[in-house]
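Here's a quick briefing to read with the model open. Have the sequence and the 3D view side by side as you go.

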Amino acid sequence: MKTASIYPRRMPGRGLTDALRTGKATLSEYAERSLHTRTARSVDALRRSFTDNLYYLTGRSFEKAAPHDFYMALAYTVRDRMLERYILTSERYRQNSNRMVCYFSAEFLLGPHLGNNILNLGLHDNLDEALRELGLDLETLLQQEQEPGLGNGGLGRLAACYLDSLATLEIPAVGYGIRYEFGLFDQHIKDGWQVEVTDAWLRDGNPWELLNRHQRYPVKLGGHTETYRDRQDRLRVRWTSDCTVYGVAYDTPILGYGVNTVNLLRLWKSEAHDSFDFQAFNLGHYYGAVEAMVVAENLTKVLYPNDDPEVGKELRLKQQYFFVSCSLQDMVRITLRDLGDLSRFAEKYVAQLNDTHPAIAVAELMRLLVDEHGFPWEQAWDTTRASFAYTNHTLLPEALETWPVEMFRRILPRHLEIVYEINRRFLDEVRMRFLDDAARIERMSLIAEGPVHRVRMAHLAAVGSFSINGVAALHTELLKTTVLRDFHALWPEKFSNKTNGVTPRRFMALANPPLTRLIGDTLDRDWLRNLEWLHQLEPWADDAAFRTRWAEVKLTAKQQLARYIKDSLNIELDPASLFDIQAKRIHEYKRQHLNLLHIISRYVRLKSSPNADATPRTFIFSGKAAPSYRMAKLIVKLIHAVADVVNRDPQVNPLMKVVFIPDFNVKNAQRIYPAADLSEQISTAGKEASGTGNMKFSMNGALTIGTLDGANVEIRDAVGEDNFFLFGLTAEQVQLRLSDGYAPGQVIAADPELRHALDLINSGLFSHGDLQLFAPLTRTLREQDPYLVCADYRAYVDCQDTVDGLYRNSEQWTRKSILNVARIGRFSSDRAIHEYAEDIWHVRAVPVKG
C-alpha cells in the first residue's frame, strides 16, 4: 500500500502552533481554529483531522501504521463530526418536553458503522479525495472494520434499522440493550459442518462507543423477600438479594441521514461493585480476590448462551432482567431530573418491547414504582400500562418465552410475587368479562399449569402494555386468531399491524452504489429520504436503454460476488447464470431443504438429459444454524454435501453450481443482496412473522419466488402478481391439511421425482456411502414433515420451471426487476417508524438545528 510521510508537511497544526508562538494568534483563536479542524468538512480539514488522529490517538506514524491503525484514525475523524451533532441533539432534547421513545431489544445487529456514518454525514467524496491524497484507499479501510455481532438475525437487524429511521425522522429516541463481550458466533465450515468460533468483536477496540461511567446502576439477583411497615404504617416489601451486580453504560451515537439528529444506543455491561478484593488477596485467596468480578462480568459475556443446560436458561433470564432493570433505572433518573415528578413517567417515555425478551420490564417497573418510590399499586399499574407497547415477532409456540416458576423464584423472588399479583387482578378482570369460563382463564393466565409451572412472558407483555402489534398483515391476523386470540377478544383495541421495514441507506446506498447512482441520475432527487419516490421509475421499465443500464448494474454486482466467492471459497461462478439465493437463518420452517430437493431433482434431470436446453443457475445459500439445533446443522451439512457432488461433476458444471457462503452477517449481506436474480422466500405459510430479507432482495432488483407467508403477501400486492413467482399452500390450507391428518408418505409415493430425490439422499450419493448420515432428515420428511416440505414440493418445482422460462427472456426479466424496485417503497423502515410514531407512541419530530 502506498503511504505518505506525516513529517514535516503534514505535521498537525504546525501553522497554528507557529502563529501562537509568534503572537499572530491568540490562545482562544488557536482553540477555535483547532476545533474547526475537528468538525470541518473540506478535503483539507478532513486530511488534517485524519493525520491528527493517526498520530495522537493511535500513536502511529504513516510509516509504522498498520491497516487497522488507518481504520481507527478514519473512524475517529468521522466520529468527531458526529459528536458535535450528538451534543447539540442532547441539549435540544433536554430543552424540549416531548415524549421520547425507548426501544428495548436484546439484540441490535448494527453492521459496520463507518460506511453508514460517512453516508449519513455526506462525507464520502471529500473523504475519498483526502485519503487518496495520502495514498490510501477508502474502500480498503472500510473493510477493516470488525462487525459487532450483537444480534442473531431479523430481530436485531430490525432494531438497527429502526434506530436509523428514528434518527433520520428526527424522533427523540434511545435504544437500550446489552453490550455483549462476545457476539453471535462466527461461522466456520469444516468438512461441511458448521463450527462455531468466538466472535471477539471488541478485540481491537471499538471507536464508536463512549464509556459513560456516570450511569452505573445496581441490579439485584436471588435472595428472599420480607414484609415490613413503613413510617406511614403501610405494608411494604423488602428484597434482600444474594448478590448485586452493576450495569455501566456504553453509548453509541446513531446518526440520522441528512439531518443533524444523533440519537443514542445505550448498551449495558455488567461488573462487580469492586473488581478486586484486596483483603482476600492478602489472605492468600487469589481467586477469591477477583471472583466477584468474574461472576458479574459473565452476565454480559456472550449473546444467547446455549440454553440446553439449566445454567444457560438461568443466564438468559438474568441477562434479560439485567438490561431492563438498568434501562428503567436510567429512565426513572432522567424523569426525576427533568420533570421532578415520577407520576409523569409515561409523559416522558414510551418503551417499545421488541418481542418477549424484555417483557420482564413490566414487573420491574412495578417494583421500582411500588417498592423503591412508594407508589400505591393502582397508580403504579396505571403508569406501567401507559408506558409499554409490545411487538410480537413469532407465531411459533416454542418461541414464545416461558420460564419455570422455580427458576424464576430463585433468581427474581420479588418479581414472581409481582407477577402473581398482576395475574390475580388480571384473572379477576377476565372472570368479570367472560364469567365462569375456566378454559379461557387457564389459557390466559400468566402462569402455565402443568408438571412444571411456567411464567408466560408473552402474556405478561400483553397484559402490561397499552398496545400489541404484529409485524405483517398476515402475521397480525394470525396473532388475533391463534396465539393471542383470547387477548384480542378481551382488548381488540390494543391490536394493530405495523409491517416491518428496512433502511434503504444501508441496504441500497451502501450495499449497491451502482444501482443507487443509476436511480439518483434518473430521479434527480434525494429518494433515500422518501422511498415512495421510487414509483417514478415505473415508466423507465419500458425504456430499452434504461433496461440495458439496469442489467449492467446487476451484472456488475454478480461479478463482484463471484470474485468474492472465488477469493474466499475457490469456486468459479458464471455471472451470466441465474443467481438463485436463499440467505437467512437456517431453520426447518424456512425450508432450505425444500430448495435442496429441487436442486437434487434438477441435477437428476440434467444427468438424464445432458443435451437439454436448460437455464444455467448458480444456487447460493448463506445462514447460521443455532448451535444446539441439530436438524438445522444437518441441513447445512447436506447443502455442502450436495454442492460437493454437483460442483465436481463436469457433466452438469456448465449449467449449475451450488455454493454456501459462510458467516452470514450484515457485511456479507451487503455483498449478497445486490447480486441476486431470484430471492428464495419459501417458508411454510403461517410460520414467518414478516421477514425482512425479502424486502432487501426486492430493493436490489431480485424477483421473489415465495409462499403467501409473512410480508411476502404485501410485497406481492405491491410489486404486482406478474412480478412475483407464487407457489404453495396458504396458511389456511396448511392448517386444514394438518388437521385432516397429513400423511407425507402418500405425497412422496405419488410423486416419482420427489421420491427419487429422497432416495438419492438415503443412497449415500451425498455422504460418501454413509447411509445413516442424513437419515434423521429424510425420516422426518417421510414420517412427519411438520413444515409441509413434501406437500409444497411439486408446486415449487413447477414454479421453478416458470422461472427458467422467464429468465431466458432477458428484456422481460429486467423489466420485472425494475418494477420490483419501483414498487418496494412502502417497505422502508421510515414508513414503519412513521406509523409507530403516529399510531402507537404519539410522538413527533424534534428537529435539531446546526
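What follows is a short tour of some helices, two helix pairs and a few single residues.

Keep in mind that this is a predicted model. The tour takes in helices H25, which spans residues 630-648, H8, which spans residues 154-168, and H34, which spans residues 810-822. Two helix crossings come next, and the last stops are a buried phenylalanine, Phe 579, and two residues other than glycine with positive phi, Glu 170 and Asp 233.

**Single helices**

- H25 packs 19 residues into a span of 27 Å from first C-alpha to last, close to the 27 Å you'd expect at 1.5 Å a residue. Most of H25 is covered, with 16 of the 19 residues buried.
- H8 has 15 residues and runs 21 Å between its end C-alphas, again close to the expected 21 Å. H8 is mostly covered too: 14 of its 15 residues count as buried.
- H34 has 13 residues and reaches 18 Å from end to end by C-alpha, close to the expected 18 Å. Its buried residues are Trp 813, Thr 814, Lys 816, Ser 817, Ile 818, Leu 819, Asn 820, Val 821 and Ala 822.

**H13 against H14**

- The axes of H13 (residues 361-372) and H14 (residues 377-387) come within 9 Å and cross at roughly 140 degrees. An angle over 145 degrees would count as roughly antiparallel, so this pair is classed as oblique.
- The crossing of H13 and H14 is right-handed.
- From H13, the residues in the contact are Val 362, Leu 365, Met 366, Leu 369 and Val 370. They meet Trp 377, Ala 380, Trp 381, Thr 383, Thr 384 and Ser 387 of H14.
- By class, that contact comes out as 8 nonpolar and 3 polar residues, with no charged ones.

**H23 against H34**

- H34 turns up again here, with H23 (residues 544-569) as its partner: their axes come within 10 Å and cross at roughly 80 degrees. That angle falls in the 65 to 115 degree range, so H23 and H34 are roughly perpendicular to each other.
- On the H23 side you'll find Phe 546, Arg 547, Trp 550 and Ala 551, and they meet Glu 811, Thr 814, Arg 815, Ser 817, Ile 818 and Val 821 in H34.
- The class split for this contact is 5 nonpolar, 2 polar and 3 charged residues.
- Among the H34 residues in the contact are Thr 814, Ser 817, Ile 818 and Val 821, which also appear in the buried set of H34.

**Phe 579**

- Phe 579 sits in strand S17 (residues 578-583). Its relative accessibility is 0%, so Phe 579 counts as buried.
- Leaving aside neighbours within four places in sequence, Phe 579 is in contact with Lys 558, Leu 561, Leu 573, Asp 574, Thr 618, Ile 620, Ala 675, Ala 676, Asp 677 and Leu 678.
- Pro 397 is 182 residues from Phe 579 in sequence, and their C-alphas are 35 Å apart in space.

**Positive phi outside glycine**

- Glu 170 follows H8 and lies in the loop between H8 and strand S2 (173-178). Its phi is positive, near 60 degrees.
- Is Glu 170 buried or exposed? Its relative accessible area is 17%, under the 20% cut-off, so Glu 170 is buried.
- Asp 233 has a positive phi of about 65 degrees, and its place is the loop between strands S6 (224-229) and S7 (235-240).
- Asp 233 is exposed, because its relative accessible area is 51%.

Methods: Residues are numbered from 1 along each chain as its sequence is written. This is a predicted model: local features need pLDDT of at least 70, side-chain atom pairs count only at pLDDT 80 or more; totals for chains, interfaces and linings use all residues. Side-chain values use heavy atoms; hydrogens and water are left out. Helices (H or I, at least four residues) and strands (E, at least two) are DSSP runs, numbered from the N terminus. The expected span of a helix is 1.5 Å times one less than its number of residues. Buried means under 20% relative accessible area, exposed over 50%, partly exposed in between (1.4 Å probe, protein chains only). Axes are lines fitted to C-alpha atoms, for helices over the stretch in contact, and angles run from 0 to 180 degrees between N-to-C directions. Angles under 35 degrees count as roughly parallel, over 145 as roughly antiparallel, 65 to 115 as roughly perpendicular and the rest as oblique. A crossing is left-handed if the near helix is turned anticlockwise from the far one by less than a right angle, and right-handed if clockwise. Contact means heavy atoms within 4.5 Å. Ala, Val, Leu, Ile, Met, Phe, Trp, Tyr, Cys and Pro count as nonpolar, Asp, Glu, Lys and Arg as charged, and the others, Gly among them, as polar.
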